[in-house]
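Okay, thanks everyone for coming. I'd like to walk you through one structure today, looking at charged side chains and then at rings.

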Amino acid sequence: KKKKKKTIAPCFPLLFPPFTMSAAEDDLTDEQTPGYQAPKMVSLEAMKNLDKDDEALNRWKEALLSGGGAAASDDPRKVIVKNMSLCPQDRERITLDLTGDLAQLKSSPITIKEGCTFHIEIGFKVQHEVVSGLKYVHAVYRKGIRVDKGSLMVGSYGPKAEDQLAKTRPEQAPSGMLARGHYTIKSKFVDDDNESHLAWEWALDIKKDW
């Protein structure tokens, strides 16, 4: 009998999907839904005047566009990704500053205990115009080999003066001898137009204890 090929099936499907090899492709290109077309870009003023008699649409536009006038800035970027925090349950969060030297992130890996429960938060700011279909995409590597990739739909956001927050649901890190080790993650914030707002690499160590 042929031995079945073992896979590690951790409990964090976004960051640690089952370890299976996949075809060589652009690691940070997210799969698009067949037939899906990104909505056409419209100005804030045009959006405010769109279908004024539609009550439900007006409520949605009010929520999306509230505070847009206060978000004017000389910075031409539409999305400013500021930080990413890994938040273990019952422990202090570990925050990565994404506004400085991104090349340093790989040399300072985040350490977590195998089997711990945690979630990830990403702080960002949207300015100038509405950003449609913002999403977080990443590829996970171990010993130089990509073990898988994943994406998280963040949503559509209008410009606001205050920072905004994307938060994943609580997940459990994988555990066991095969799961422990060093991981490198390539991450990117993109939108429906495949415009990359920030790309960065960071590192994670899974250990038997903190």
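Let's start with the term we need: a salt bridge here is a side-chain nitrogen of Lys or Arg within 4 Å of a carboxyl oxygen of Asp or Glu. And keep in mind that this is a predicted model. The general idea is simple: side chains of opposite charge can pair when their charged atoms come close.

So, one that fits the definition: Lys106 and Glu201 form a salt bridge, with the closest N and O atoms 3.3 Å apart. This pair links distant parts of the chain, 95 residues apart, with Lys106 in the loop between strand S2 (94-97) and strand S3 (110-113) and Glu201 in strand S10. How accessible are the two partners? Lys106 is partly exposed at 42% relative accessible area, and Glu201 also counts as partly exposed, at 27%.

How many salt bridges are there in the whole structure? A search finds eight. Another of them joins Lys78 to Glu195, where the closest N and O atoms are 2.9 Å apart. Lys78 sits in the loop between helix H2 (55-65) and strand S1 (79-88), and Glu195 in the loop between strand S9 (181-190) and strand S10 (196-207), so this contact ties together parts that are 117 residues apart in sequence. Lys78 is buried, at 15% relative accessible area, while Glu195 is partly exposed, at 34%. And there's a third partner here: Lys78, Glu129 and Glu195 are linked in a network of salt bridges.

One more charged pair, then. Arg180 and Glu114 meet in a salt bridge at 3.0 Å, N to O. Arg180 is in the loop between strand S8 (171-172) and S9, and Glu114 in the loop between S3 and strand S4 (117-126), so parts 66 residues apart in sequence get tied together. Arg180 is partly exposed at 26% relative accessibility; Glu114, at 16%, is buried.

Okay, on to the rings. The structure holds four aromatic pairs. Take Tyr136 and Phe189: their ring centres are 6.3 Å apart and their planes are at 55 degrees, so we call the pair tilted. Tyr136 is in strand S5 (residues 131-142) and Phe189 in strand S9, 53 residues apart. Are these two buried or exposed? Both are buried. They also belong to one aromatic cluster, formed by Phe124, Tyr136, Tyr157, Phe189 and Trp200.

Last thing, where charge and ring come together: Arg91 lies over the face of Trp210, 4.2 Å from the ring centre.

Key
Residues are numbered from 1 along each chain as its sequence is written. This is a predicted model: local features need pLDDT of at least 70, side-chain atom pairs count only at pLDDT 80 or more; totals for chains, interfaces and linings use all residues. Side-chain values use heavy atoms; hydrogens and water are left out. Helices (H or I, at least four residues) and strands (E, at least two) are DSSP runs, numbered from the N terminus. Buried means under 20% relative accessible area, exposed over 50%, partly exposed in between (1.4 Å probe, protein chains only). Rings of Phe, Tyr and Trp (its six-membered ring) pair if their centres lie within 6.5 Å; planes under 30 degrees apart count as stacked, over 60 as edge-to-face and the rest as tilted. A charge sits over a ring if NZ of Lys or CZ of Arg is within 6 Å of the ring centre and within 35 degrees of the ring normal.
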